[in-house]
Every structure is written in C-alpha cells, then in structure tokens.
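Q: I'd like to take a close look at one part of this protein and then see how the rest fits around it. Could you walk me through it?

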Amino acid sequence: MENKERQPKRQPRQGFNWFSLVYIFLLLGLAYMWTSTGTSSPLKKEWSDVKDGLLLSGDVDKLVYVRNEHKGEIYLRQTSLDKYKNLYGGREPKSGPHFYFLVSDKFDAEHEFDSVVSSLPEESRFKVVIDEHKSYWGPIIEWIIFPLMLLLMFFFFMRPMRSMGGGGAGGGIFNVGKSQARLYEKGGNLKVTFKDVAGMEEAKLEVREIVDFLKNPKKYTALGGKIPKGALLVGPPGTGKTLLAKAVAGEADVPFFSMSGSDFVEMFVGVGASRVRDLFRQAKEKAPCIVFIDEIDAVGRARSKNAGFTSNDERENTLNQLLTEMDGFGSNSGVIILAATNRADILDKALMRAGRFDRQIHVDLPELRERLEIFKVHLRGIKLAPGFQIDFLAKQTPGFSGADIANVCNEAALIAARKNKDFVEKQDFLDAIDRIVGGLERKSKIITPEEKRTIAHHEAGHATVSWLLPNANPLLKVTIIPRGQSLGAAWYLPEERQLTTTEQMMDEMAATIGGRVAEELVNGRISTGALSDLEKLTKQAYAMVTYFGMSDKVGNLSYYDSTGSREMAFSKPYSEKTAELIDDEVKRLIQQAHATATRVLTENREGFEKLAALLLEREVVFSEDLEAIFGPRRGGVDPNKLLREDTEETPEAKE
C-alpha cells in the first residue's frame, strides 16, 4: 500500500488539438499561393507596346502564350537584364517571366507571333511556346479542403462547450435551452456563514429555520409540519439579500443552485421556459437542495403591468413555466426556492401567493445597533488607530446600507494609505463619509468672491434654521467646499424614528428653504443655487398633501398606490378641481415654511451673519461652532451631546 501511495498521479490524457488541422490547411493554402504565383513579379504591358517595342528590341529570350488564360508571358535574355533595372526599382529582376500582356479571346496567337518572328534578324529571334495551365491545387481546394474547413467550422461553433464553473450547463446552439445556474456542492468553496452576516437578526431567524429543516427534517415532519416551499428576500439595494442567501448555502451543507432572473430571458422563443424546466430537473436530481434566483423581478414582473406582455410573450411563457414548476401538479419535494428582489411591488400576484413563496423576509436598512455590528465585520482587516471609537461611526451613518458601510471602510483605508499613515484614524472615516455622500472635493473649481459669499450665506441659512427649530434634523457639519455637482453641502444627524409628525415635516421644510431665504435677506435677490432644495421641498409638500393626508382642506385622503396598479394609467385618481386644491395647499405649505425660515433668520440675524463669516474664514464649520454662537440646541437631538456620550462610553477612550 505504501508503494502505491508513493506513485505519482497520472496526468489526464490530453485529447487531439483540432486547431492543428486549421494550421495545416492554412499552410497548404499558402503553399498553393506561392506555387501558383511563381518567384517573380512580372510587369504588365499592353500588346501594342510589346509588339512594336519589346519584341523588336532583340532582348526577348522566350514568349509563352497561355491559351486558356489569354495571357502572354515574356522572358528576357540574361544579358539584357541590366537595361531594365530602372523598372524594378534599381534591382536586377529575378528569373522570369519579366513582363506579361493580356489579350482577348479573338486573338490569333500563331499569326501574330509568326509575323513578328519572321520580321526579325536571325540573332534577335525568340522562342515561342503555346501552352495551357493546369492547376492541381484548385480542384483539391475546391472539392476537398474547402468542404472540410466548413465542416470544421460547423464543429467548432455548434459543438457543446464544456461547462464553466460548478454545474453550469454548456453553451452552444444545441444547449441554449439548458439552465445557466451555478451549482455549489457540499464542501465546496462557498465558505460564507451566518457569522459573516451582521445585523438582520429577524431575517436570519427566518432562514435559519429553513437550514435547520434541511439538516433535521424529522424534527418538523414528526409533528405534521411542512417546510415553506419558497422564501422571498425583499429590501432596498445593498442591504445584504444576496449575502444572506450565500450564508444559507454555506450553512445548509446541501447542493445550492444560484442564478439571476435575467439568465432565463433570451431572444429565442421558448428558451426561458426550457431553462426553467432544466433548472428544476437538475434540482430534483440533487434534492434536498436550495435554488436561489437573484433579481427575480427580471422574469417575475406582473403581466398586467407591462403593456408589452401578450399571450406569446417570451417573458410571460417563462413566468408561466416558473409558476408551474414551483407549485403545479408535479412534486418538488426537497427543493426550496430562495429569491431576492428590491422591487416586490411589481411582481406578479400569482408568484407571491402562499404555496410558492410562503414567506416574505424583509431585509431593511440597518438600524444603529445593526450598523455597529456591520462596522465590526468590515473593520476586521483594517488597522485602526489606538482608542478608535466604532460607536461614533455607527451614529455618523444613518440611512447607510451594508454595502455603503463596506464602501466607507474601504475608502477610509485608501485615504489613510494615500496620506502614508500607519493606522486608519477617525478623520479618515469622516473624509470617506463625506466622499460617499457629497462626492469628491473640487477645491480647484474657480469661484468668484461674490459667489463664495453667496454660498456661505446660503449654507449658513440652512445651518441656522435647522439648529434653532426644535423638530428639524440637527446639523453636524457644513462646508462651502464644492463637492460633486454642489457648491456647498451640509450634513445632518436625523433621528431614527418610524413616525414623523406634521410639525417635524414643517420644520424640516423650513430648514430646507433656509438657504433661499438667506440669499433674499442678504443680497436682496435670488440665484439658481437652491435648485436641489426647491426640488426636495416640492416633493415633500406634495407627499404631505396627497399621501399623508396632512392638509385640512384636502382632508384625510391618500392617493398613494402601494400596489403600483396605476402605473399604466393615463389619468390621475382625482378630478381637476381636486388637483387645483392640491396645488393651492402645496403652495400654502411652502409659503408657511418660507415665513418660518424668514422669522428665524431675522430674529437671529447677528448669529447668522457671524456663522457666515466663520464659514468664509474656515470653509468648514462643525456643530460645536453652532453651539458656541447660538447656545445649546433646544429640543430634538443634540449632536454634540451624542459625541460626548460616545467619548464617555467607549472603553478605549477611557484608557
């Protein structure tokens, strides 16, 4: 047994390289071209010039007339080659033919040549040869090699390609209906587990039950229970839906099929349905197993919401086949479907019903505690400065998804490396957050002093109103350094609340229009710098009136359509009279916010001007500076208090 173990493993036998045949045929073609064209490059002349000049010169040694090509080839005497060097670029021509001429099929060769030869003296006469060219390579290429090359091309392009990766079906025209899913077997290279998925405790609890059922099915079947046939992961982009599916694959230790919804859709009719059938056929053979379909909205869009859907539409046929396979007459025992989408509102109702996707698992944006856990995961491989406060980062990134947090950590490491630091510090993370939220700094952008003064007052207006109104989001930092497409930017620290009152929305609207009001008070005129503010303001006002019922005149009505069934409608769900009333109410709310901002800035004009001057001097102002000018913030969240709590509660900071 020891001798057998010491023997080297046999190398797999390599098959014949069919491409070598192509090289052989190419060499044969080159050889044919070389033999058919000869070793010289003859010059063309007209028959009249040859007859009256070249043949009478006494330099011609031989004339060969090819009857079947109506072509004459002229060979010069060896002693006369020097006379024609200038025609060949100063070099002596090679062996003939040196000249050729073409004639018509009515050319009488014997008569013409005999008349010329008989008119020449004995020492100047040349030899005349009448010949016919017979090509042996031509028929071979035409009848043997060319068909063989066509067969080889057909073989290369039509033969099934070897499968790429784990379990993916081959390509080729005959395998176009095969499933494109990647198969991850037991003990494969998929090492993602639930430990790598931070936050999402409720979502992990749901999918853990699926994993537990695959490992211990008797625990559930003994009580008569049945595992859900499918689970749909729903949530905004970047929240970790695909990562959660990978963790299920790593934990379940069963075969895992993964593919995108767009892999079903092809330009060929019937391909999508065929791929669905092939996918479930493979899944049944590997059962128990999990099938994961990412971005299922590409194939599961509701049929009534797409004007292009017809009874013969390819996507509809694919969807119908998917519905049949998931819960039709056939049994898919042991096959569990996981799917992910960020547009659950456009999915077909038949796909969403119980029996197909029994559970909808919502993967929302992470909250404060979940963001802290996500930061801990992504900071594992990053060298942090001693005493670094991770809690501070979690509070600085409200509304960030898991993908955004991963990007922040990576950007911070790149910024620190760019500055040749040994550790990643707090300021590097702040710069990374600014880079992601606001865009790249554009310090080289040319701004006139007057424009810079206007921008400073504009941003100071936002900061002043948001700091003094108790229900507005508190300001964290404001800058007049251009970033991305904006000339200035302000960062806020909003409360993580689930409900928002009318007073809170009105204060936020007043803070939004505070920049425009500041320009009016200082300059006496307005500019185009408030475009994004006005857009946000208008959308928020319309949402208050038409969605949230926050208007006394319109009443407790909501025209929001959560089902999306009115996407294709050509008319609004209210009359023209109601539309006029909505427009009037929106204008009233915006005017009310404008009046509030005007009152706040007028009553605190001295502090507002001081803040604008500080912005012009430093270009960046923090919440500590606002507290020094206006005093502690009344009501709402105090960002300085939060930062102080971070410093006091962090063990590293105490040390």
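Is Thr318 buried or exposed?

A: Thr318 is buried, because its relative accessibility is just 1%, and the cut-off for buried is under 20%. Keep in mind that this is a predicted model. You'll find Thr318 in helix α11, which covers residues 314-327. So what does Thr318 touch, once we skip its neighbours within four places in sequence? The contacts are Phe264, Gly272, Ala273, Val276 and Val299.

Let's zoom out for a moment. The protein chain has 655 residues, and 41% of them are buried. Its secondary structure adds up to 25 helices and 14 strands. If you take the contacts with a separation of 6 or more, 73% are between residues 24 or more positions apart.

Now for the nonpolar cores. The largest one has 44 residues, and Val465 and Met509 touch the most other members. At least two residues of this core come from each of several elements, including α17 (449-468), β12 (475-479) and α18 (502-512). Helix α21 gives the most, with eight residues. As for Met509, leaving out residues up to four places away in sequence, this residue touches Leu537, Gln540, Ala541, Met544, Leu589, Ile590 and Ala593. There's also a second, separate core of 28 residues, and among them are Val211, Ile227, Ala249 and Leu338.

A short helix-by-helix stop comes next. Helix α3 (residues 47-54) has Trp47, Val50 and Leu54 as its buried residues. Looking down the axis of α3, you'd see these buried residues within an arc of 95 degrees, so they line one face of the helix. Here's the background: an α-helix has 3.6 residues a turn, so residues three or four places apart point the same way. The buried residues of α3 pack against β2 (60-66), β3 (71-76), β4 (99-102) and α4 (109-119).

For contrast with Thr318, let's head to the surface. Trp143 sits in helix α5 (residues 137-158). This tryptophan is exposed, because its relative accessible area is 65% and exposed means over 50%. Trp143 forms a nonpolar surface patch with Ile144, Leu148 and Leu151, and together they have about 460 Å² of accessible area. As for the protein chain in full, about 37500 Å² is exposed, with carbon and sulfur atoms supplying 54% of it.

So, back to where you started: Thr318 counts as buried at 1% relative accessibility, while Trp143 is exposed at 65% relative accessible area.

Methods: Residues are numbered from 1 along each chain as its sequence is written. This is a predicted model: local features need pLDDT of at least 70, side-chain atom pairs count only at pLDDT 80 or more; totals for chains, interfaces and linings use all residues. Side-chain values use heavy atoms; hydrogens and water are left out. Buried means under 20% relative accessible area, exposed over 50%, partly exposed in between (1.4 Å probe, protein chains only). Helices (H or I, at least four residues) and strands (E, at least two) are DSSP runs, numbered from the N terminus. The arc is that of the directions from the helix axis to the C-beta atoms. Contact means heavy atoms within 4.5 Å. Patches are made of residues with over 30% relative accessible area and no salt bridge: like charges are joined within 9 Å, nonpolar side chains (Val, Leu, Ile, Met, Phe, Trp, Tyr) within 5 Å. Accessible areas come from the Shrake-Rupley method with a 1.4 Å probe; for residues, only the protein chains shown count as cover. A salt bridge is a side-chain nitrogen of Lys or Arg within 4 Å of a carboxyl oxygen of Asp or Glu. A nonpolar core is a set of buried Ala, Val, Leu, Ile, Met, Phe, Trp, Tyr and Cys residues joined through side-chain atoms within 4.5 Å.
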